[in-house]
Amino acid sequence: MISYLDNIDSAKKMIYAFYALGVLFVFKVIYPAVSDTNITLWVLNELIVFTSFFVLSFSFDEYLGSKSNYPITIILTAGILTGLLFVIVSVISVIFAEDVSYFDSAGVISNIVITLFSFLIAASGIFILMAFKGLFYLRQKKDPASFYYTMIIFFILSGISTSLKEIDAGMNYVHDAIFVVTILLILVNSVRVAWIAFLLKKQKITLLGISIIICALSGITFSSTLSGSVFYEILFRFSPGLTNILNLIMIYGCIYFGVVFFTALFHLPTAEAFDRKAQEVSSMMDLGKLITQVFDFRELAETITTTTTKVSNSDAAWLVLQNSEALDLVSVNGIGYLEADALANAVCNTENRDLTEPVILAPAALRNYQSKNPNPNFYKSLSVAPLKVHGKVSGYLFAARSRDVPYDEEDKKAISAFADYAALAVENAKLIQESIEKERMEKELDVAREIQYKILPRETPKCETLDISALFIPAFEVGGDYYDFFCLGDKKLGFVIADVSGKGISAAFVMAEVKGIFESLSQLNLRPAEILRRVNEILKKSLDKKTFVTAIYGIIDTNTGILNFSRAGHTPTLIRQNGTVQKLTPPGLGLGFDGGINFNDSIKELEIKLNFNDIVILYTDGITESQNELNEEFGLNRLEKILEEDNSASIDRLSNKIMTEVTTFSSGKSQHDDITLVIFKWISKN
Amino acid sequence: MADFNINVRGVGSVDVIDLHGYLDAHTAPDLENAFNRLINDGKYKVVVNFDHLKYISSAGLGVFMAYVETMRDNKGDIKFSNMKENVYNIFDLLGFPMLYEFFEKEHEAVNKFTD
């Protein structure tokens, strides 16, 4: 039945309780008082009373269960009901004085009134008992149910034994034995008051007041309901058993709140320390949550300084970050910016010790720093805790007291814990900043790559005597490859292939510059060697010492098939004539070298007469230096071999074949340099 | 990442830099630091031993260009030795033999300074 009642919903519990009380009420109107003349009626009366209040207790239990996290609320409610009980008892005692006989001849109306009174009293008593249950379960880690239920069972047994005693005086010893056990159980259950420790100081003071009042009220109510009093008579008529239980409840209330009073009293001196610890823990938890939610470090810093001030009982707290040289004041609480800055600098610069561990500065040491301060606000104690991430100090959290209570080790630990949180937040903010920065950089790189594509010719020139194929595959980063074609008039075609040393944005910038230089110089119709000399003159001035450019510049006469070209440090040119592949490497230093010797003298020009089906291949080292998983390079030999064996119908096919070979070779490794491949094929038979 | 190692040792009045592994855009700063330290110490006679170098990229080549002038301005030089053929070919293509002295053996390069 108990588990059944526990499981049904609250509305139903109320209805059942209402029915039970209704039955009891009707019964009571008909048979107002118990009497030992009719045993059956007596037993029936007790049965109905016990059942109806038992059912009612479940409704109360449910209500109190929802308040179990607010012990003070439960106690206040219990206190009010105890007060109510006390008032009722007092009023009845005064009104009816000793005139018990009045009840024997009472009419229906007074019966009803008395019954309602009894209802109210019994309900209050049961409610108080259930409130005790709520308190009893509070903050209990072990399951204490068995103790509590044993006590309740003895309450009920005690109630039943009262009836036995009244009916048969010989059963007196049973009642007494049960009574003694019940009192013992009450004592045992009364010492379970651990929940008091978790109350705040203010709540403990409130509890102190309420508990002494409840204790006293319970005591007085108990004494005025002892057998012989008016009240006892009234209740006894209602139900002898319930009267006994009510008495026990009053005893329980008196003892329990007596214990609560003294426990609260003894907890009072440590209450403040307990409060502070609790506050510290809860603010730590709040901060931990904040760190993952708030991306704005300054906002978080405000919270950190505010909580530090509060939790460490300080008058001021401020947070500085250690930048490469200076200290950067991020947030202040309870102190001016200028003063905080001056103090932070004074301490960090003067303190000889490494401030890698938290430090408390005594008043004597402090006076030193503060005398330098234009507006000294003599702090009596100062605590400095470093913000450490991966063993590196990224800043300091300061806390200061102007009262004459120096910081102790506990304070130091707390402030240091806040500093750790601040360090975490700094690191977090930094990482977020970095990822935003990285995203931005990646976007910029995309733009740069797009520009690089636009700098290169969109299509190869069309020519009746010459097939031209050009291919450019950028590496992930932007690079410095460049190729171009120039129409020079007189059926002459200029071409250039160049590679800027290094990679990334800087190489791409140089590449753009190189494009501009070749574009304008090509229009002067100069010899290839002369063009490269002039390019070198210009680049020498603009490039830094470690950057250089390799290039080949050439001119093809599309009428005659005469190819003139010069090389400035660039990879060898491959040419296939009559099935034989040759490497052409005319001397020439890379562009931008200013090594003291004359670039102009180093550079030579080569002239080749192209015949039908002759193929010329220009490329950048992205092809020859592409690596496989064993870090072997593709190399020039492989390229030569492909060219030698090639019988493709078109040079686009040849270009594809080369790229397929390179890709197959380097599969499993990412392309780490731009690849440029330019192929010419002379297709005129004259 | 490909590994790269630098070891600098004194041989008489000359300093020899031993290069190990892969010298590319990522590892070039290590070599730059080594040169900077030598210059700070007033040591301008340098032989670079390429015996254990497996790979050099264009960024690696640039480092030598960046420092040779300083060395020569201070009556020193950067000389190369023990270069394998594949590495030498890269230097050769760029025209380095016109600017630098290459030696088969380290002691030849060192002796060239002391002669």
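Two residues count as in contact here if their C-beta atoms, placed from the backbone, lie within 7 Å. Keep that in mind as you click around, and remember that this is a predicted model.

**Stop 1: a helix across strands.** Select residues 504-522 of chain A, which make up helix H16. Now add strands E7, E8 (492-500) and E9 (549-557) of the same chain: H16 lies across these. Looking along E8(A), you'll find the helix running at about 160° to that strand.

**Stop 2: the sheet itself.** Next, bring up the rest of the sheet that those strands belong to. Chain A has 5 strands here in an open sheet, and their order is E7-E8-E9-E10-E13. The pairing is antiparallel. If sheets are new to you, strands pair through backbone hydrogen bonds, and they can do so in either a parallel or an antiparallel way.

Which strands stand at the edges? Colour E7 (481-487) and E13 (605-609) of chain A: each has a single partner strand, so one side of each is left without a neighbour in the sheet. Turn the view a little, too, as neighbouring strands in this sheet are rotated by 15° against each other on average, direction ignored.

**Stop 3: one edge in detail.** Stay with E13(A) and select E10 of chain A, residues 562-568. The two pair in the antiparallel sense over 5 bridges. For a single example, pick Asn564(A) and then Glu607(A) in E13(A), its bridge partner.

**Stop 4: two helices side by side.** Hide the sheet and select residues 201-224 (helix H9) and 240-293 (helix H11) of chain A. Their axes come within 8 Å and cross at roughly 160°. An angle over 145 degrees counts as roughly antiparallel, so that is how H9(A) sits relative to H11(A). The crossing is left-handed. Colour the contact between H9(A) and H11(A) by residue class and you get 16 nonpolar, 8 polar and 4 charged residues.

**Stop 5: over to the other chain.** Show chain B along with chain A. How many residues of chain A are in contact with chain B? There are 19 of them, meeting 15 residues of chain B. On the chain A side, the residues touching chain B comprise 5 nonpolar, 11 polar and 3 charged.

**Last stop: chain B alone.** Hide chain A and trace chain B from its N terminus: the elements run β-β-α-β-α-β-α-β-α. That gives 4 helices and 5 strands. Of its 115 residues, 43% count as buried. Among contacts in chain B with a separation of 6 or more, 71% link residues 24 or more positions apart.

Key
Residues are numbered from 1 along each chain as its sequence is written. Chains are lettered from A and ligands numbered from 1 in the order in which they are written. This is a predicted model: local features need pLDDT of at least 70, side-chain atom pairs count only at pLDDT 80 or more; totals for chains, interfaces and linings use all residues. Two strands pair if DSSP finds at least two bridges between them. Axes are lines fitted to C-alpha atoms, for helices over the stretch in contact, and angles run from 0 to 180 degrees between N-to-C directions. Ala, Val, Leu, Ile, Met, Phe, Trp, Tyr, Cys and Pro count as nonpolar, Asp, Glu, Lys and Arg as charged, and the others, Gly among them, as polar. A residue is buried if 20 or more other C-beta atoms lie within 10 Å of its own, exposed if 12 or fewer, and partly exposed in between; C-beta atoms are placed from the backbone. Angles under 35 degrees count as roughly parallel, over 145 as roughly antiparallel, 65 to 115 as roughly perpendicular and the rest as oblique. A crossing is left-handed if the near helix is turned anticlockwise from the far one by less than a right angle, and right-handed if clockwise.
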